[in-house]
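Visitor: I'm new to reading structures, so could you take me through this one? I'll ask, you explain.

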Amino acid sequence: MEKAIETLNDKLDRLIAAVAMLAPPAAPETDIDTADCFVWAADPGYLEPVNRVNRVDIGLIKGVDRVRDILVDNTERFATGLPANNVLLWGARGMGKSSLVKAAHASINASGKSLAPLKLIEIHREDIDTLPKLMNLLKAAPYRFILFCDDLSFDHDDTSYKSLKAALEGGVEGRPGNVIFYATSNRRHLLPRDMIDNERSTAINPSEAVEEKVSLSDRFGLWLGFHKCSQDEYLDMVNGYARYHGFEGDPETLRAEALEWATTRGSRSGRVAWQFIQDLAGRLGKPLKD
């Protein structure tokens, strides 16, 4: 009898151990003091610190002086406890939208104007519907946070935009006072035009259906447009990168090579200028500054 009970207990122990292995691991403890930048890991739900941020100095972002100044001013006001707006940075590819957000964040923290470090949290597009969970985590923290979503847009049959609308300005509780939302997108209204047109053609009241779709962009108090750069602006970007990384050489040769690079790419932008500098550094056998 005792042997049977012992055997049964052994089987129960093994069963309990097997069930425990099937359970999801506990979410790591979120420590907001460990870094100034984080990535939101929606599942299991914690902030993963980013100790080495992929960004450039704000002085190297050329051709967008006006929108740069507006974004920095808005960010500074928010960091110092003054009213500020959610921001949508939209427009041409490769013109420094996401780079500007990260550079503005670093610039404000370096200035020392805020009482506590401003925190930057990146949330992935596919995790937008977890915004309420994230905001609930942040609202009691003694810091101010920029929630940043890069390349934000919504496709057909995607209803998570409603979660974003409620999190930004709607809902009973609304957006916490220590949180602001910055997003970049290649299009101003975040939703495809044919999606809006479909709503118009099938709705009982077409104008109201369209209004619901485009009202998402209205939740952003600031719309900052980024447009294709001129040849002179592109060359200014190339020269700025070259000076920063200490590349010396014939200016005319640099100009000719930079223009040829842009021609082969079929476009001019900050991204194209940076890709040219990386190619140039490789050909010269010189490392780039961190």
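Visitor: In β2, which residue is the bridge partner of Val39?
Guide: A heads-up: this is a predicted model, where local features need pLDDT of at least 70, side-chain atom pairs count only at pLDDT 80 or more, and totals for chains, interfaces and linings use all residues. Residues are numbered from 1 along each chain as its sequence is written, and side-chain values use heavy atoms, with hydrogens and water left out. Names like β2 come from DSSP runs numbered from the N terminus: helices are H or I runs of at least four residues, strands E runs of at least two. Look in β2, across from Val39, and you'll find Glu48.

Visitor: And do β1 and β2 run parallel or antiparallel?
Guide: Two strands count as paired if DSSP finds at least two bridges between them. Here 4 bridges join β1 (residues 37-41) to β2, and one of the matches is Phe38 with Pro49. The hairpin has 4 residues between its strands, including Gly45 with a positive phi near 110°. The direction of the two strands is antiparallel.

Visitor: Is Pro49 in β2 buried, partly exposed or exposed?
Guide: Buried means under 20% relative accessible area, exposed means over 50%, and partly exposed is in between (1.4 Å probe, protein chains only). Two residues are in contact when heavy atoms lie within 4.5 Å, and Pro49 is in contact with Thr34, Ala35, Cys37 and Phe38, leaving aside neighbours within four places in sequence. Because its relative accessibility is 34%, Pro49 counts as partly exposed.

Visitor: Which residue in β4 stands opposite Phe38?
Guide: We've already met Phe38 as the partner of Pro49 in β2. β1 also pairs with β4, in the parallel sense, over 3 bridges. Follow Phe38 across to β4 and you land on Ile121.

Visitor: Which strands stand at the edges of the sheet?
Guide: Strands of a sheet pair through backbone hydrogen bonds, either parallel or antiparallel. This open sheet has 7 strands with mixed pairing, in the order β2-β1-β4-β5-β6-β3-β7. The edge strands each have a single partner strand, so one side of each is left without a neighbour in the sheet: they are β2 (46-49) and β7.

Visitor: What does the twist average from one strand to the next?
Guide: Axes are lines fitted to C-alpha atoms (for helices, over the stretch in contact), and angles run from 0 to 180 degrees between N-to-C directions. Going from one strand of the sheet to the next, the average twist is 25°.

Visitor: At about what angle does helix α3 run to β3?
Guide: Helix α3 (residues 97-111) lies across β1, β3 (87-91), β4 (119-122), β5, β6 and β7. Helix α4 (residues 131-138) packs on the sheet too, and its direction makes about 160° with that of β5. As for α3 against β3, the angle is about 145°.

Visitor: How far apart in space are Ile146 and Tyr182?
Guide: Ile146 belongs to strand β5 (residues 145-149). It counts as buried because its relative accessibility is 0%. Among the residues it touches are Phe78, Leu120, Ile180 and Tyr182. Ile146 and Tyr182 are 36 residues apart in sequence, yet their C-alpha atoms are separated by 6.7 Å.

Visitor: What is the angle between the planes of Phe181 and Phe220?
Guide: Rings of Phe, Tyr and Trp (its six-membered ring) pair if their centres lie within 6.5 Å; planes under 30 degrees apart are stacked, over 60 edge-to-face, and the rest tilted. The structure holds 3 aromatic pairs, and Phe181 with Phe220 is a tilted one, at 6.1 Å centre to centre. It links Phe181 in β6 (residues 179-185) to Phe220 in the loop between α7 (206-218) and β7 (222-226), 39 residues apart. The planes meet at 50°.

Visitor: Which residue has its charged end over the ring of Phe78?
Guide: A charge sits over a ring if NZ of Lys or CZ of Arg is within 6 Å of the ring centre and within 35 degrees of the ring normal. Lys289 lies over the face of Tyr244, 5.0 Å from the ring centre. Over Phe78, 4.4 Å from the ring centre, sits the charged end of Arg144.

Visitor: Which helices do the buried residues of α10 pack against?
Guide: Helix α10 (residues 270-284) has 15 residues, and its buried ones include Val272, Phe276 and Leu280. An α-helix has 3.6 residues a turn, so residues three or four places apart point the same way. The buried residues of α10 pack against α8 (231-244) and α9 (251-265).

Conventions:
Expected span 1.5 Å × (residues − 1).
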